[in-house]
Amino acid sequence: MVDSDALTATDPEVFDAIRNERRRQENTLELIASENHVSEAVLEAQGSVLTNKYAEGYPGARYYGGCEHVDRVEQLAIDRAKTLFGAEHVNVQPHSGTQANMGVYFATLEPGDRILSLDLNHGGHLSHGHHVNFSGQLYDVTQYGVDPETGYIDYDELATLAEECDPALIVSGSSAYPREFEFDRIAAIADAVDAYHMADIAHVTGLIAAGVHDNPVGVADFVTGSTHKTIRAGRGGFIMTSDAYGEEIDRAIFPGGQGGPLMHNIAGKAVGFGEATEPAFERYAERVVANAKAMADVFVEHGLSVVSGGTDKHLLLVDLRDSHPNLTGEEAETALESVGITVNKNTVPGESRSPFVTSGIRIGTAAVTTRGFGRDEIETVATHIVELLDTPDDEELAATVAEEVDSLCTVYPIYR
């Protein structure tokens, strides 16, 4: 993968950076909820000669010749996604989850139309209408939030807000909301105000594929996702919808928002989707959720405030304001990274600090579960996180935790 004679000879600086990044991944525990470790087969597919091929259009209807083999790859990705999720129509060409969302917006909305979506500080995503993102610049955005007491979405309040603002599109989905969305209720709310419903499953794609999370396909009008978080199919995005909207979605992606698809990435999607059809993947997804729940339990037992009190999926959000009022999310992230535990600072409901500082941290279990972690290892890491948050300047403790991290990384390598 990174011991290429050609790369070493041609560009030793890039080779060195790649080699060091592999070492970093092997020697740290990845707890960023949006990251995972793909298989060597996915790596090989994404680093293949398919990167050389231009293939504007869709299988069987390309604007270039010589596409018979990439047609087969893309069709495999489409068919496997249909099997995994029960979708009628699938587009695997979006370069990312955000571009998948863009495709739905372009297919259904006009500039200035209203989107109703979850607020970023309450767990939403930039592409759901934040003002710094294209979605917030092109569309009129109203946002809902979570109940400050429970940390859960108040669906009655959401229904009232939808009646008041009359959106053209309601978005369900998040980047840091630890509970499952009630897709049926949001679909009913959308129907009541004659709005489209888009479910963004970027974070829970793999959990849904494995059947351990509710599936919005057939409930929402459009389902978007990314393929590199919990499903381990390499970086990219995809869209699922009914046959009734298939042509509009395809036109919105190409030629509406993209040119040639990244065929090497689509190959990675095909391989990853294929891996997700195996029984072992269901067991993996079950462990991801169990590990997240176990970590949340440790945090709560030690007095940390976990938004909504726990989690239904692979991620949890820790609000530091009650337990550690003088510790920012940025400081917590730095302290943990210094011992080889990677998390990300994150805004929390009612956030008063800058998004570059924050009052919380987001933690996910997908990547360490890929390494083979079970409950014992998760509880060990969670306990160390609590200790480090309590005394982030304790150098002796940091040295002890760093040794434990080294040991866990040795016992549970990513690539054997």
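The lining of the largest pocket mixes all three residue classes, with 8 nonpolar, 10 polar and 8 charged residues. Keep in mind as you read that this is a predicted model. The largest pocket holds about 770 Å³ of space, and the second largest holds about 660 Å³. Elsewhere, the structure has 13 salt bridges, while a search of the whole structure turns up 0 disulfides.

**The largest pocket**

- In total, 26 residues line the largest pocket. To find its centre in the 3D view, look for Gln25, Val38, Leu43, Gln46 and Tyr415, which lie nearest to that point.
- Two helices each supply at least two residues of this lining: H2, covering 12-26, and H3, covering 40-46.
- Which element gives the largest share of the lining? That is helix H2, with 6 residues.

**The second largest pocket**

- Here the lining is made up of 31 residues. Those nearest the centre are Leu120, His125, Leu126, Ser175 and Arg362.
- Helix H5 (97-108) and strand E14 (344-346) are the elements that give two or more residues to the lining of this second largest pocket.
- Sorted by class, the lining of the second largest pocket has 18 polar, 7 nonpolar and 6 charged residues.
- Why does the second largest pocket lie between domain 1 and domain 2? Both domain 1 (44-277) and domain 2 (283-411) give residues to its lining, so the pocket sits between them.

**Salt bridges**

- Side chains that carry opposite charges can pair when their charged atoms come close. The pairs below are examples to look for in the structure.
- Asp16 and Arg19 meet through their side chains in a salt bridge, at 2.7 Å from N to O. Both residues belong to helix H2, and they are 3 residues apart, about one turn of the helix.
- How accessible are these two partners, Asp16 and Arg19? Asp16 has 31% relative accessibility, so it counts as partly exposed. Arg19 is also partly exposed, at 29%.
- Glu182 and Arg185 form another salt bridge, and their closest N and O atoms are 3.5 Å apart. Glu182 is partly exposed because its relative accessibility is 36%, and Arg185 is partly exposed at 35%.
- Glu247 and Arg251 are joined by a salt bridge as well, with 3.7 Å between the closest N and O atoms. These two residues are 4 residues apart in helix H10 (residues 243-253), so about one helical turn separates Arg251 from Glu247.
- Is Glu247 buried or exposed? At 58% relative accessibility, Glu247 counts as exposed, whereas its partner Arg251, at 49%, counts as partly exposed.
- Salt bridges can also share partners, and in this way Glu21, Arg24 and Glu30 are joined into one network.

**Cysteines**

- How many disulfides does the search of the whole structure find? The count is 0.
- Two cysteines to look up are Cys67 and Cys409. Cys67 has a relative accessibility of 5%, so it counts as buried.
- Cys409 is buried too, because its relative accessible area is 5%. The cut-off behind both labels is simple: buried means under 20% relative accessible area.

Definitions and conventions:
Residues are numbered from 1 along each chain as its sequence is written. This is a predicted model: local features need pLDDT of at least 70, side-chain atom pairs count only at pLDDT 80 or more; totals for chains, interfaces and linings use all residues. Side-chain values use heavy atoms; hydrogens and water are left out. A disulfide is a pair of cysteine sulfur atoms within 2.5 Å. Buried means under 20% relative accessible area, exposed over 50%, partly exposed in between (1.4 Å probe, protein chains only). On a 1 Å grid over the protein atoms alone, a cavity is a set of points where a 1.4 Å probe fits but cannot get out, and a pocket is an open set with protein on both sides within 12 Å along at least five of seven lines; lining residues have an atom within 4 Å of a point. Grid points are joined across faces, edges and corners, and a volume is the space filled by probe spheres set on the points. Ala, Val, Leu, Ile, Met, Phe, Trp, Tyr, Cys and Pro count as nonpolar, Asp, Glu, Lys and Arg as charged, and the others, Gly among them, as polar. Domain bounds come from an automatic or database domain assignment. A salt bridge is a side-chain nitrogen of Lys or Arg within 4 Å of a carboxyl oxygen of Asp or Glu.
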